[in-house]
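Subject: A structure for you to explore

Hello,

Here is the structure I promised to pass on to you. Please open it beside this email, and I will walk you through what I found.

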Amino acid sequence: MLESLIALAKPYLTTLVLENEEVQKFPKDFVSASMRWIRSWFLEDDPTTQAVVQSAQPMVVKEAVLEVKLRELLKNPQFEEELRAQLAAFETHHPSRKNVLESHVRVETEEDIHIGDKAPGDTAAYDEKNIVGTGTTIKSGKGFRLGDG
């Protein structure tokens with residue numbers, strides 16, 4: 001159960017603390033309130049975590065430091081309760097996505113590449129769908145298609 005909570009919390013923390021481009025899509029009041037909460041647990045009174053997060057260290061180092069801090073904080077029942085509430089709020093603001101290749105992914109195959117649903121029928125609305133992120137490289141030996149159908 002702890003590992004599943006950590007798996008849910010890591011994207012939340014990474015998105016907000018490290019302020020990636022996803023955070024710009026959320027309402028400003030949600031981001032402000034979330035950052036105040038995160039700072040109160042993760043950065044205030046912890047100069048080591050704060051220094052690493054604000055440094056020029058690679059993202060993987062920052063994420064590792066946040067995970068260590070998260071594991072430590074999850075020993076506190078009050079933090080766990082607050083975290084669950086934060087994650088529930090985060091989920092309501094997080095854009096829905098489908099068929100998305102993140103930025104800087106490399107895809108290489110001798111076969112066809114099709115990013116999208118093969119058959120129509122999914123009527124759900126998505127905030128982001130059939131997207132290839134910036135810096136992504138796609139090399140197909142046959143064909144490439146982006147989109148449904």
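**What the model shows**

Of the 149 residues in the protein, 32% are buried. Please keep in mind that this is a predicted model. The mean pLDDT of the protein is 81, and 89% of its residues reach 70 or more. Where does the confidence vary among the elements? Strand β1 (residues 97-101) has the lowest mean pLDDT, at 77, while α4 has the highest, at 88.

**The overall layout**

You can count five helices and six strands in the protein. Following the sequence from its start, you will meet them in the order α-α-α-α-α-β-β-β-β-β-β. Now consider contacts between residues at least 6 apart in sequence: 72% of these join residues at least 24 apart. As for the outside, the accessible surface comes to about 9400 Å², and carbon and sulfur atoms account for 53% of that.

**Helix α1**

A good place to begin is helix α1, which covers residues 2-17 and so has 16 residues. From its first C-alpha to its last, α1 reaches 21 Å, close to the 22 Å expected at 1.5 Å a residue. Where does α1 kink? Look at Ala9, where there is a kink of about 25 degrees, shortly before the proline Pro11. Ala9 is also one of the buried residues of α1. The others are Leu5, Ile6, Tyr12, Leu13, Thr14, Thr15, Leu16 and Val17. Try to remember Val17, as you will meet it again below.

**Helix α2 and the turn of the chain after it**

In α2, the buried residues are Phe30, Val31, Ser34, Met35, Trp37, Ile38, Trp41, Phe42 and Leu43. Met35 is worth selecting in your viewer. Is Met35 buried or exposed? Its relative accessibility is 8%, and the limit for buried is under 20%, so Met35 counts as buried. Which residues does Met35 touch, leaving aside its neighbours within four places in sequence? The answer is Leu16 and Val17, both of which are listed among the buried residues of α1. Met35 and Val17 are 18 residues apart in sequence, and their C-alpha atoms are 7.1 Å apart in space.

Next comes Asp45, in the loop between α2 (28-43) and α3 (47-53). Asp45 has a positive phi of about 65 degrees although it is not a glycine. At 82% relative accessibility, Asp45 counts as exposed, because exposed means over 50%.

**Helix α4**

Helix α4 runs over residues 59-73, giving 15 residues. It reaches 21 Å from its first C-alpha to its last, close to the 21 Å expected at 1.5 Å a residue. Which residues of α4 are buried? They are Lys62, Leu66, Lys69, Leu70 and Leu73. Seen down the axis of α4, these buried residues fall within an arc of 105 degrees, so they line one face of the helix. The face turned away from this buried side carries the exposed residues Val60 and Val68.

Glu63 is also in helix α4. With a relative accessibility of 31%, Glu63 counts as partly exposed, because that value lies between the 20% and 50% limits. Leaving aside neighbours within four places in sequence, Glu63 is in contact with Thr14 and Leu18. Here Val17 comes back: the C-alpha atoms of Glu63 and Val17 are separated by 9.7 Å, although the two residues are 46 apart along the chain.

**Among the strands**

Lys98 is found in strand β1. At 22% relative accessibility, Lys98 counts as partly exposed. Between the C-alpha atoms of Lys98 and Asp117 there are 9.1 Å, and along the chain the two are 19 residues apart.

Finally, find Thr136, which lies in the loop between β4 (128-132) and β5 (137-140). Thr136 counts as buried, at 17% relative accessibility. What does Thr136 contact beyond its neighbours within four places in sequence? Its partners are Leu101, Glu102, Ser103, His104 and Val105. Of these, Leu101 falls within the residue range of strand β1.

I hope you enjoy turning the model around and finding these places for yourself.

Best wishes,
A colleague

How values were computed: Residues are numbered from 1 along each chain as its sequence is written. This is a predicted model: local features need pLDDT of at least 70, side-chain atom pairs count only at pLDDT 80 or more; totals for chains, interfaces and linings use all residues. Side-chain values use heavy atoms; hydrogens and water are left out. Helices (H or I, at least four residues) and strands (E, at least two) are DSSP runs, numbered from the N terminus. The expected span of a helix is 1.5 Å times one less than its number of residues. Buried means under 20% relative accessible area, exposed over 50%, partly exposed in between (1.4 Å probe, protein chains only). The arc is that of the directions from the helix axis to the C-beta atoms. Contact means heavy atoms within 4.5 Å. Accessible areas come from the Shrake-Rupley method with a 1.4 Å probe; for residues, only the protein chains shown count as cover. The bend at a residue is the angle between axes fitted to the seven residues ending there and the seven starting there. pLDDT is the predictor's confidence in each residue, from 0 to 100.
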